[in-house]
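The following note is offered to a colleague who meets this structure for the first time. Its points are numbered so that each may be checked separately.

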Amino acid sequence: MALFGKKLKQEHKVMRQAERAKGALLTEYHRATPECPHPERWSMYDSMTAEAEVLEFLRTLVTTVKPDRVVETGSFLGVSTLWLAEGLKQNGFGRIVSCEYDPVVFRKAKETIAASGLEAWIELRNESSLEMQVDGMIDIFFSDSDMPIREQEIRRFLPQIKPHGIILMHDASSHLKVVREAALKMEAEGLISVILLPTPRGLVIAQKRTGRL
Ligand SMILES: C[S@@+](CC[C@H](N)C(=O)[O-])C[C@H]1O[C@@H](n2cnc3c(N)ncnc32)[C@H](O)[C@@H]1O
């Protein structure tokens with residue numbers, strides 16, 4: 001799509017599509033993979049926001065492990081941030097720090113979060129995950145920014161992730177490749193243990209290898 005002759009950034013294009021869709025759920029249209037041959041069984045709001053079922057999973061994970069601190073990279077429109085925050089609200093404690101690099105997308109996410117009633121649980125930052133500083137130890141780390149930098153993110157934040165903390169890496173399907181390969185590489189190095197959830201876009205659930213009781 002062109003705007004004054006300039007190609008529209010993918011994030012901005014999907015942001016406009018999401019605005020037009022007004023929260024309607026669509027059938028997931030990412031391609032079938034050997035591990036997930038029926039993506040049409042899943043739903044999505046748009047192609048950047050995590051699958052609707054993954055959003056439900058994120059909220060349930062928060063109510064299951066009761067984190068004090070959740071860190072998310074790649075807020076996009078703030079939808080996954082809000083689902084994580086819903087879990088925190090249900091728990092009655094905890095906080096999520098989420099970063100979004102793109103200033104236009106960040107502003108939109110900020111507006112949505114301000115209107116959600118969940119703002120108190122969220123610290124939204126307009127910065128890169130590779131520069132973001134977070135105080136203290138992390139209970140859940142959700143890596144969902146730019147695919148090629150996910151490995152760097154995990155390596156960067158690994159010392160701050162609790163031994164029984166949960167690491168999630170989205171977009172880890174065998175088709176999208178780069179995130180899956182990064183997770184398996186870090187597993188082969190003995191840094192993390194990995195489970196590959198067979199969702200349409202793929203979700204890695206991992207834990208640090210050191211420090212577990
Ligand atoms: C897949 S979307 C995130 C979807 C969101 N987590 C959800 O499920 O609702 C990825 C987002 O990461 C942002 N991004 C890319 N590189 C980044 C970086 N280095 N730091 C923070 N955000 C980044 C993009 O602008 C984009 O909005």
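1. Two strands are said to pair if DSSP finds at least two bridges between them. Helices (H or I, at least four residues) and strands (E, at least two) are DSSP runs, numbered from the N terminus. On these terms, strand E8 (residues 138-143) pairs with E9 in the parallel sense over 5 bridges. Within this pairing, Phe141 has Ile167 in E9 as its bridge partner. The route from E8 to E9 passes through H5, and this β-α-β crossover is right-handed; a crossover is so called if, with the strands pointing away from the viewer, the path from the first strand over the helix to the second runs clockwise.

2. The basis of the note should be stated early. This is a predicted model, in which local features need pLDDT of at least 70 and side-chain atom pairs count only at pLDDT 80 or more, while totals for chains, interfaces and linings use all residues. Residues are numbered from 1 along each chain as its sequence is written.

3. How many helices and strands does the secondary structure of the chain come to? There are 6 helices and 11 strands. The C-alpha atoms fill a box of roughly 55 × 40 × 30 Å along the principal axes. The radius of gyration is 17 Å, which agrees with the value near 17 Å that a compact globule of 213 residues would have; this radius is taken over C-alpha atoms, and the globule rule is 2.2 Å times the number of residues to the power 0.38.

4. Burial is counted as follows: a residue is buried if 20 or more other C-beta atoms lie within 10 Å of its own, exposed if 12 or fewer, and partly exposed in between, with C-beta atoms placed from the backbone. By this count, 40% of the 213 residues of the chain are buried. Contacts, for which the C-beta atoms of two residues, placed from the backbone, must lie within 7 Å, are mostly between distant parts of the sequence: among those with a separation of 6 or more, 67% join residues 24 or more positions apart.

5. E9 deserves further attention. This strand is mostly covered, 7 of its 10 residues being buried. Besides its pairing with E8, E9 (residues 161-170) is joined by 4 bridges to strand E11 (residues 203-208), and the two run antiparallel. His170 stands opposite Leu203 in E11.

6. E11 also has E10 (residues 192-197) as an antiparallel partner, over 6 bridges. In that pairing, Ser193 stands opposite Gln207. The hairpin of E10 and E11 has 5 residues between the strands, and Gly202 takes a positive phi near 85° in it.

7. A second β-α-β unit, also right-handed, is made by E6, helix H4 (residues 103-114) and E7. E6 (residues 95-99) and E7 pair in the parallel sense over 4 bridges, and Cys99 has Arg125 in E7 as its bridge partner. Which residues form the covered face of E7 (residues 122-125)? They are Ile122 and Leu124, whereas Glu123 and Arg125 form the uncovered one.

8. Two residues that are not glycine have a positive phi: Lys66, at about 50°, and Lys177, at about 65°. Lys66 is found in the loop between helix H2 (52-65) and strand E5 (69-73), and Lys177 in the loop between E9 and H6. Lys66 is partly exposed because 14 other C-beta atoms lie within 10 Å; Lys177 is partly exposed because its count is 13.

9. Ala182 lies in helix H6 (residues 178-188). Is this residue buried or exposed? Ala182 is buried, because 23 other C-beta atoms lie within 10 Å. Leaving aside residues up to four places away in sequence, Ala182 touches Arg150 and Glu151. By contrast, Pro159, in the loop between helix H5 (150-157) and E9, counts as exposed because it has 10 C-beta neighbours inside 10 Å.

10. Finally, the ligand is surrounded by 21 residues, the closest being Ala50, Gly74, Phe76, Ser80 and Asp146; a residue is near a molecule if its C-beta atom, placed from the backbone, lies within 6 Å of it. The shell has 9 nonpolar, 7 polar and 5 charged residues. In this classification Ala, Val, Leu, Ile, Met, Phe, Trp, Tyr, Cys and Pro count as nonpolar, Asp, Glu, Lys and Arg as charged, and the others, Gly among them, as polar.
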